[in-house]
Amino acid sequence: MRSYRDLFRTPEFTPLFLATGAQTVAQTTSGLALGTLVYRSTGSPLLSAVSMFGPSLAQVLGATLLLSGADRLPPRGTLAGISLAFAALTALLALPGLPLGAVFAVVLVQGLVASLGGGVRWGLLNEILAKDEAKGGTNREAKGGANGGTHGGYLLGRSVFNMMSGIMQITGYATGGALVAALSPRVSLLLAAVLYAVAAAGVRLGLSGRAPRSSGRPSVTATWRTNAVLWHDRPRRLTYLGLWLPNGLVVGCESLYVPYAPGAAGTLFACAALGMLAGDVTVGRLLPPAVRRRAATPLLALLAAPYLLFALRPPLAVAACLVALASVGFGASLVQQERLMSLTPPGLSGHALGLHSAGMLTTQGVGAALAGTAAQLTSPAVAMTGTAAASAAVTLALAVAPVVAPAEADRRGEPALR
């Protein structure tokens, strides 16, 4: 897999790509609409942030209860069912007079449903591109170790999905902002529900039926057992923490766009998506492999640094530039996912990617809740600055962790856990 053109020649890549794009637009449009609706009715930055990113908080429950289904359920039916469930739940949120408690109950259910989606989707992507890579010759398989030659294909494919996500988020936030201003948040929610249904149809009609990647029935016990296997290995554990914590804290900054600029939050979200697009193009296509492998820490530092300037309460134009620059740092996740796949047996790829997705979204939800609480007590600008500082501190700690632990083990005369 050497070019973007090769990706779109791969069977089933394009239908999965288009369906995911429709779901991304639906998600961004509905999130902005719901956050605006809650902020208008409550005036609370905390409740607005949690309503937008609250489904992420439920991901931790899904990761501990449902994630074994990522490799043990048929991908096509599972992805279609998830999109249909989101269509119904988003339409429910559009009901007039829905109590605030009911809104957050629906948000919780959305998070539980979504917790399974990341593992199924990215495991399927890895499977589609792995099979295509295998057709490209045995030399790459011989060099690829336990996982064959799939890492390059998955990295390139995931970078395209991330770029699409950036473009669709720009589209979704721009469209959502216009719809909220011209019509109403409830109409935006209904249109998002229709898009979720379109995504379900695209999955059902565009993908072939596939057997699950692993045998056995999904269960809580199987989920716990596999989570323990994945978490036990120290390099994999540090990779997960790097994927989750700095990213989640910076998303806490993003969750305050509505109270920071109530009339122009869509502009800030669109600029963030534009920066993420630039970062994914750079990492996925432009950086040589030797440079890319060392790029995670600098990119994570970039992710947090521009938000420190929000302490100065910059005007909208400057804030938009800072947001776009910071979001280039989201490209670090591609480097980290490539490392995660190199550390994971192929039979656990869906579960491993699902755990990454669920953990990332959970920490994003926690970051939104923490940032919203800080904004409630101080101001959105102060809360964004503090949250960014915490992200930078975590990045520094994770950067030195692989060096410190072996050194401490050597001083004790013990083998380091690697």
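Q: Before anything else, what does contact mean here?
A: Two residues are in contact when they have heavy atoms within 4.5 Å. The structure in question is a predicted model.

Q: With that in hand, what share of the contacts between residues at least 6 apart in sequence join residues at least 24 apart?
A: In this protein, 85% of them do.

Q: How many helices and strands are there?
A: The secondary structure comes to 20 helices and 0 strands.

Q: And how much of the protein is buried?
A: Of its 418 residues, 56% are buried.

Q: How many cavities of 30 Å³ or more turn up?
A: A search of the whole structure finds 3. The largest cavity has a volume of about 1,200 Å³. It is lined by 49 residues, and Q27, S165, Q169, L361 and Q364 are the closest to its centre.

Q: What classes of residue make up that lining of the largest cavity?
A: The lining has 21 nonpolar, 24 polar and 4 charged residues. Helix 2 provides the largest share, 8 residues.

Q: What about the second largest cavity; which residues line it?
A: That cavity holds about 50 Å³ of space. Its lining consists of L16, A19, T20, Q23, L79, S83, R121, A199 and V203. Two or more of these residues come from each of helix 2, helix 6 (75–93) and helix 10 (185–206).

Q: Which helix gives the most there?
A: Helix 2 does, with 4 residues. By class, the lining of the second largest cavity divides into 5 nonpolar, 3 polar and 1 charged.

Q: Moving on to pockets, what is the volume of the second largest one?
A: The second largest pocket has a volume of about 230 Å³. Its lining has 14 residues, with T36, V180, P262, G263 and A265 nearest the centre. Helix 2 (13–42), helix 9 (150–182) and helix 14 (265–286) each contribute at least two residues to the lining, and the largest share, 4 residues, is from helix 2.

Q: Different topic: at what angle do helix 16 and helix 18 pack?
A: Helix 16 (residues 296–304) and helix 18 (residues 332–342) pack at about 145 degrees, and their axes are 8 Å apart. The contact involves A296, L299 and L300 from helix 16, together with A332, V335 and Q336 from helix 18. These residues comprise 5 nonpolar, 1 polar and no charged.

Q: Last one: is T385 buried or exposed?
A: T385 is buried, because its relative accessible area is 15%, and buried means under 20%. This residue is found in helix 20 (residues 380–412). Not counting residues up to four places away in sequence, T385 touches Y307, L308, F310 and A311.

Note on methods
Residues numbered from 1 in each chain as written. Predicted model: local features only at pLDDT ≥ 70, side-chain atom pairs only at ≥ 80, totals over all residues. Heavy atoms only, no water. 1 Å grid on protein atoms, 1.4 Å probe; cavity = no way out; pocket = protein on both sides within 12 Å on 5 of 7 lines; lining within 4 Å. Points joined across faces, edges and corners; volume = space filled by probe spheres on them. Axes fitted to C-alpha atoms, helices over the stretch in contact; angles between N-to-C directions. Nonpolar A, V, L, I, M, F, W, Y, C, P; charged D, E, K, R; others polar. Buried < 20%, exposed > 50% of the residue type's maximum accessible area, 1.4 Å probe, protein only.
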